Amino acid sequence: MSVTRQAAATATETLFRERYSEMVGLAGLLLDDRGAAEEVVQDAFAKYHLNRHRITDPEREVSYLRSIVCNLARGRLRRRAIERRLRPAPRLEVAPTPDVALAQHKRHTVAAGLAALPRRQRECVVLRYWLDLSERDIAETLGIARGSVKSHLHRGLAALEVRLEELR
């Protein structure tokens with residue numbers, strides 16, 4: 001292996017160790033499925049590694065990786081929507097215990113509220129409030145203007161508040 005390839009592999013491994021959990025959390029919030037989130041993140045790191053040479057500013061590596069995760073999650077959501085239209089979801093026969101049911105209800109309420117938001121609003125809300133990114137970082141990750149991020153956050157939070165009240 002050449003020195004350049006080895007350095008790239010080492011840099012990708014370091015980024016993987018530092019950011020894997022964060023990226024799985026981001027994908028998990030967008031997809032509401034831990035297994036799918038892990039698959040998306042693994043694919044994202046593979047794509048990142050193959051295209052790492054395109055990044056000219058080392059400060060943008062994490063933002064580039066987040067963009068890949070968001071794009072792959074969008075694709076997964078599109079495929080999932082098609083699957084749901086074509087095949088109904090199976091019914092669960094076992095009733096959960098009350099504590100588990102309450103926790104699941106709260107999680108599903110928030111997930112349903114997020115899922116009801118338009119894509120950009122959902123992405124902005126998740127990036128801001130789960131990853132605690134600044135508006136500048138969100139704009140860079142999604143490739144949109146900071147003003148658009150502010151608008152999406154404001155509208156997304158307002159819609160999420162209304163949606164959560166409806167689901168309670």
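## A charged pair in helix α6

Let's start with a pair of side chains: Arg 136 and Glu 140 form a salt bridge, with N and O 3.7 Å apart. Both residues belong to helix α6 (residues 135-142), where a spacing of four residues puts them about one turn of the helix apart. Arg 136 is partly exposed, its relative accessible area being 47%, and Glu 140 is also partly exposed, at 25%. The pair does not stand alone, as salt bridges with shared partners link Arg 60, Arg 136, Asp 137 and Glu 140 into one network.

Please keep in mind that this is a predicted model.

## The chain as a whole

Stepping back, the protein chain holds seven helices and zero strands. Following the sequence, the pattern reads α-α-α-α-α-α-α. The chain has 168 residues, of which 37% count as buried.

How do the contacts spread along the sequence? Among contacts between residues at least 6 apart in sequence, 67% join residues at least 24 apart.

## Salt bridges within helices

Here is a general point to hold in mind: side chains of opposite charge can pair when their charged atoms come close. How many salt bridges does the count come to? The count is eleven. Besides the pair in α6, two more are worth a look.

In one of them, the side chains of Arg 19 and Glu 22 meet with 2.7 Å from N to O. These two residues are about one helical turn from each other, because they sit three residues apart in helix α1. Is Glu 22 buried or partly exposed, given the 20% cut-off for buried? Glu 22 has a relative accessible area of 19%, so Glu 22 is buried. Its partner Arg 19, at 24% relative accessibility, counts as partly exposed.

The other joins Glu 38 to Arg 34, with 3.0 Å between the closest N and O atoms. Here the residues are four apart in helix α2 (residues 34-51), so about one helical turn separates them. Glu 38 is partly exposed at 26% relative accessibility. Arg 34 reaches 54%, which means that Arg 34 counts as exposed, the cut-off for that class being over 50%.

## Ala 8 and its distant contacts

Helix α1 spans residues 3-31, and Ala 8 is found in it. Ala 8 counts as buried, because its relative accessibility of 19% falls under 20%.

Which residues does Ala 8 touch, once neighbours within four places in sequence are left aside? Its contacts are then His 49 and Arg 52. Leu 50 offers a distance for this part of the model: Ala 8 and Leu 50 are separated by 42 residues in sequence, while their C-alpha atoms are 9.5 Å apart in space.

## How α3 meets α5

Two packed helices are described by the angle between their axes and the distance between the axes. For helix α3 (residues 61-86) and helix α5 (residues 119-129), the axes come within 12 Å and cross at roughly 135°. That angle makes α3 oblique to α5, because 135° lies outside the ranges for roughly parallel, roughly perpendicular and roughly antiparallel. The crossing of the two helices is right-handed.

Which residues meet where α3 touches α5? From α3 come Arg 66, Arg 74 and Leu 77, and from α5 come Arg 119, Arg 120, Arg 122, Glu 123 and Leu 127. Sorted by class, the contact between α3 and α5 has six charged, two nonpolar and no polar residues.

## Two loop residues with positive phi

If you like to check backbone angles, have a look at Asp 32 and Asp 132. Asp 32 is not a glycine, yet its phi is positive, at about 60°. Asp 32 lies in the loop between α1 and α2. With a relative accessible area of 34%, Asp 32 is partly exposed.

Asp 132 also has a positive phi, near 60°, in a residue other than glycine. Its place is in the loop between α5 and α6. Is Asp 132 buried or exposed? At 58% relative accessibility, Asp 132 counts as exposed.

Notes
Residues are numbered from 1 along each chain as its sequence is written. This is a predicted model: local features need pLDDT of at least 70, side-chain atom pairs count only at pLDDT 80 or more; totals for chains, interfaces and linings use all residues. Side-chain values use heavy atoms; hydrogens and water are left out. Buried means under 20% relative accessible area, exposed over 50%, partly exposed in between (1.4 Å probe, protein chains only). Contact means heavy atoms within 4.5 Å. A salt bridge is a side-chain nitrogen of Lys or Arg within 4 Å of a carboxyl oxygen of Asp or Glu. Axes are lines fitted to C-alpha atoms, for helices over the stretch in contact, and angles run from 0 to 180 degrees between N-to-C directions. Angles under 35 degrees count as roughly parallel, over 145 as roughly antiparallel, 65 to 115 as roughly perpendicular and the rest as oblique. A crossing is left-handed if the near helix is turned anticlockwise from the far one by less than a right angle, and right-handed if clockwise. Ala, Val, Leu, Ile, Met, Phe, Trp, Tyr, Cys and Pro count as nonpolar, Asp, Glu, Lys and Arg as charged, and the others, Gly among them, as polar.
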